[in-house]
Amino acid sequence: MAVDLFLLCGFLGSGKTTLLVDYLRTGAADTGVIVNEAGEVGVDGAIVANDSDSVPMTLLANGCVCCSLRSDLVHTLSALLDAPRPSGAGPLKRVILECSGLSRPGPVIASLADPELARRGLRLTVVCTDDCGRDPDALAEMDEAMAQFGAAHRIVLTKTDLLPAAALAQRAARAAALNPLAAVIAEPDRERAVAAAFAPAQGTADPAALAAHMLAAGGAAAAHPRIRVMAARARAGISWTDFSEWLDDLAGFCGERLLRVKAVVRVSDCAEPILIQSVGATFSAPQRLTRQPDARDAIIVIARDIDAEAIRAWAPAAPVEMLA
């Protein structure tokens, strides 16, 4: 049975720990927790442990899983999954890793490519909290926060009671504009919001439909001038080698400015379309869409402080054409 791994991120004070504790209070006996904090004193870990003494939990303190503790994360996650379960309890169905507010998800996800973890077939969902009490323009100036937004599969609006209904809808629309690949949970009912945040992994957004919508929108204003959500198209007859080299070159050109890539592409040397995803410059293994042979081609690139024109100028003869 596949285990759902939830990477819970969000900027400092955005409500990650409260969201996690609220979920554990629902009686999540089949859940394991890893709390990572940058500091010697595990305050968040103590909070979680205080409210969930029946949940297997590990604290990674005095460091950040996105840097020096990456090997510790691999060991800790493996140990948590292999630990004996209480008599009568079934296996773990999910593990929630709460990252520090300054963690960038990309390097954390890169550690999941370790052979020890890759063989386990973990289903990853990145959940990002968005604090409705914080000025979104100020938040967008924080590089770590934008890396978290760009990586998210789900964006959960927190402290929704601070906004009236109309303003909450506007905040949700802004989050969707920053990352249209993410499902935005703008649910005033706390119980429903918590359940949606940690629901089992579902299907993902259709990149072709998103690309078509973005191109139709044309000159619509960006959610924030530093963030660009761009559509691209592979040229006819592209090979897998050419496409993979373009992805490598794009990651090298953008560096930390690259937040997310999602692409469905037909290449000349594969019968089925291929799905590729990245968080930051970390790319998942290519997936052949054998059950979706008619999936439409599309490439979505989310980046910070770089636009389609700059990417076109960098590689004018590239086998992938930036559209907008």
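In this predicted model, the side chain of Arg94 makes a polar contact with the side chain of Thr31, at 2.8 Å. Arg94 is a useful place to start reading a protein chain of 324 residues, of which 49% are buried, and which is built from twelve helices and 14 strands. Among contacts between residues at least 6 apart in sequence, 76% join residues at least 24 apart, and several of the pairs described below link parts of the chain that are separated in sequence, among them Asp4 and Arg123, 119 residues apart.

**Confidence in the model**

- The average pLDDT of the protein chain is 81, and 82% of the residues have a score of at least 70.
- Residues 38–51 form a stretch in which the pLDDT is below 50, although the model gives this stretch 31 contacts beyond near neighbours in sequence.
- The pLDDT is also below 50 over residues 61–69, a stretch with 28 contacts in the model beyond near neighbours in sequence.
- Where pLDDT is low, the predicted coordinates should not be read in detail.

**The surroundings of Arg94**

- Arg94 belongs to strand β4, which covers residues 94–98, and it counts as buried because its relative accessibility is 13%, below the 20% cut-off for that class.
- Besides the contact with Thr31 at 2.8 Å, the side chain of Arg94 is joined to the side chain of Tyr23 by a polar contact of 3.2 Å.
- Leaving aside residues up to four places away in sequence, Arg94 touches Val3, Asp4, Phe6, Tyr23, Asp30, Thr31, Gly32 and Phe198.

**The surroundings of Thr129**

- Thr129 is located in strand β5 and is buried, with a relative accessible area of 2%.
- A polar contact of 2.6 Å links the side chain of Thr129 with the side chain of Ser14.
- When residues up to four places away in sequence are not counted, the residues that Thr129 touches are Leu8, Cys9, Gly10, Ser14, Gly15, Lys16, Leu19, Val156 and Thr158.

**Salt bridges**

- The model contains 18 salt bridges, and as a general matter, side chains of opposite charge can pair when their charged atoms come close.
- One of these salt bridges brings together the side chains of Asp4 and Arg123, with an N to O distance of 2.9 Å. Asp4 lies in strand β1 (residues 4–10) and Arg123 in strand β5 (residues 123–131), so this pair ties together parts that are 119 residues apart in sequence.
- The two partners of that pair are placed in separate classes of accessibility: Asp4 is buried at a relative accessible area of 5%, whereas Arg123 is partly exposed at 37%.
- Another salt bridge is formed by the side chains of Arg304 and Asp143, at 3.5 Å from N to O. Because Arg304 is in strand β13 (residues 298–304) and Asp143 in helix α7 (residues 143–151), the pair ties together parts that are 161 residues apart in sequence.
- Arg304 counts as buried at 4% relative accessibility, while Asp143 is partly exposed, with a relative accessible area of 26%.
- The side chains of Arg288 and Glu272 also meet in a salt bridge, with 2.6 Å between N and O. Here Arg288 lies in strand β12 (residues 287–288) and Glu272 in the loop between β9 (258–265) and β10 (274–279), so the parts tied together are 16 residues apart in sequence.
- Glu272 counts as buried, at 17% relative accessibility.
- Asp82, Glu116, Arg119 and Arg120 are joined into one network by salt bridges that share partners.

**Helix α1 against helix α9**

- Helix α1 (residues 16–24) and helix α9 (residues 190–197) have axes that come within 10 Å and cross at roughly 95°, which means that α1 is roughly perpendicular to α9.
- On the α1 side, Thr18, Leu19, Asp22 and Tyr23 meet Arg190, Val194 and Ala197 in α9. Two of these α1 residues also appear in the surroundings described above, since Tyr23 is among the residues that Arg94 touches and Leu19 is among those that Thr129 touches.

**Ala169 in helix α8**

- Ala169 is part of helix α8, which runs over residues 165–178, and is partly exposed, with a relative accessible area of 48%.
- Although Ala169 and Ala186 are 17 residues apart along the chain, their C-alpha atoms are separated by 7.5 Å.

Key: Residues numbered from 1 in each chain as written. Predicted model: local features only at pLDDT ≥ 70, side-chain atom pairs only at ≥ 80, totals over all residues. Heavy atoms only, no water. pLDDT = per-residue confidence, 0-100. Contact = heavy atoms within 4.5 Å. Helix = DSSP H or I, 4+ residues; strand = E, 2+ residues; numbered from the N terminus. Buried < 20%, exposed > 50% of the residue type's maximum accessible area, 1.4 Å probe, protein only. Salt bridge = Lys/Arg side-chain N within 4 Å of Asp/Glu carboxyl O. Polar contact = N/O pair within 3.5 Å; in protein donor to acceptor, adjacent residues only side chain to side chain. Axes fitted to C-alpha atoms, helices over the stretch in contact; angles between N-to-C directions. Parallel < 35°, antiparallel > 145°, perpendicular 65-115°, else oblique.
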